[in-house]
Amino acid sequence: MKAFDLHAQTLLQTILSARRDVRGNRFQGTPIEDEVLRKILEAAISAPSVGFSQPWKFVIVKDTSKREAIYEEFVRENAKAAKLFSEDSLYSTLKLEGIKESALNIAVLYQKPTKTVLGQTTQKKMGEYSVVCAIQNLWLMARAYNIGVGWVSILRPKRVKKILEISDDYKLIGYLTLGYVDKFLDEPELLKLGWENKKTIDEVVEWV
Ligand SMILES: Cc1cc2nc3c(=O)[nH]c(=O)nc-3n(C[C@H](O)[C@H](O)[C@H](O)COP(=O)(O)O)c2cc1C
């Protein structure tokens, strides 16, 4: 059995606390080395998955014209979103993506099952949740390599799939932007800006 010590526990907590969602104003555009990207993807595929189905797929997007098309999709969808937040003048000032400024984008997909999956017989979304576990692993390992990750969700999955020519065998779970950054904020940006407060353990834990 591998037993970890206080040093490892502290280090893991440090990485967890230092992980940030990174947007375009922080990315530097420096390329990510292939071997580093591989380590990050290896971390992603060591995530737990329902029935060990490993239903993930990662589409690396470097092509500038495809990224431009995805960016245009973001602009369209964000204009609609801005109307929903028209009372709050902060929304329109937020930078909510880094599609073009990042070194690369990754579309993280869920491969729809072609056979019955152990553990996914009652709760059908378990495969999709497994892909989210992979995204979190990716996010943390990227941070360990001092690479920022941004999750861009103001996009219609159908449109993203069309731009990237992804077949109907897959569902888009997350669209990520990765790159080296000038700095990582010490706290979530939305906390700093007063958009949301940080919840305490007491607020989110209930004992029954
Ligand atoms: C599922 C998911 C979707 C998100 N989508 C966006 C997004 O579209 N744009 C954005 O700027 N941040 C997005 N975020 C980042 C969150 O705003 C961020 O995680 C949160 O404010 C906490 O900040 P931190 O990740 O830096 O700790 C997303 C995060 C998650 C987990």
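## Strands side by side

Strand β2 is joined to strand β4 (residues 170–180) by eight bridges, and the two run antiparallel. This is a predicted model, so keep that in mind as you explore it. If you would like one pair to look for, try A107, whose bridge partner in β4 is Y175.

Strand β2 also pairs with strand β1 (residues 56–61), again in the antiparallel sense, over six bridges. Here you can look for F58 of β1, because V108 is its bridge partner in β2. Is strand β2 largely enclosed or largely open? Seven of the eight residues of β2 (residues 104–111) are buried, so the rest of the structure largely encloses this strand. It also helps to know that side chains in a regular strand alternate between the two faces of the sheet.

## Two residues of helix α4

Helix α4 covers residues 126–144, and E128 lies in it. Is E128 buried or exposed? Its relative accessible area is 13%, and buried means under 20%, so E128 counts as buried. Leaving out neighbours within four places in sequence, E128 is in contact with Y110, K171 and I173. You have already met the strands here: Y110 falls within the residues 104–111 of β2, while K171 and I173 fall within the residues 170–180 of β4.

Now move along to M141, which is also found in helix α4. With a relative accessible area of 30%, M141 is partly exposed. Which residues does M141 touch, not counting those up to four places away in sequence? They are K39, I40 and A43. Helix α2 spans 34–44, so you can look for these three contacts of M141 there. Another residue to find is L37: M141 and L37 are 104 residues apart along the chain, and their C-alpha atoms are separated by 9.7 Å.

## Around the ligand

Which residues surround the ligand? They are R19, R20, D21, R23, L96, W151, V152, S153, I154, P188 and L190. Sorted by class, this shell has six nonpolar, one polar and four charged residues.

Some atoms of the shell can be paired with oxygen atoms of the ligand. For R19, a polar side-chain atom lies 2.9 Å from a ligand oxygen. For R23, a polar side-chain atom lies 2.8 Å from an oxygen atom of the ligand. With D21, a polar backbone atom is 2.7 Å from an oxygen atom of the ligand. On its own, the ligand has 620 Å² of accessible area, and the protein covers 72% of it.

## Two unusual phi angles

Most residues other than glycine have a negative phi. With that in mind, have a look at Q54, which has a positive phi of about 45° although it is not a glycine. Where is Q54 found? It sits in the loop between α2 (34–44) and β1. Q54 counts as partly exposed, at 34% relative accessibility.

E165 is not a glycine either, and it has a positive phi of about 55°. You will find E165 in the loop between α5 (157–164) and β4. E165 has a relative accessible area of 69% and is exposed.

Definitions and conventions: Residues numbered from 1 in each chain as written. Predicted model: local features only at pLDDT ≥ 70, side-chain atom pairs only at ≥ 80, totals over all residues. Heavy atoms only, no water. Buried < 20%, exposed > 50% of the residue type's maximum accessible area, 1.4 Å probe, protein only. Helix = DSSP H or I, 4+ residues; strand = E, 2+ residues; numbered from the N terminus. Pairing = 2+ DSSP bridges. Contact = heavy atoms within 4.5 Å. Near = heavy atom within 4 Å. Polar contact = N/O pair within 3.5 Å; in protein donor to acceptor, adjacent residues only side chain to side chain. Areas by Shrake-Rupley, 256 points an atom, 1.4 Å probe, with all protein chains shown as cover. Nonpolar A, V, L, I, M, F, W, Y, C, P; charged D, E, K, R; others polar.
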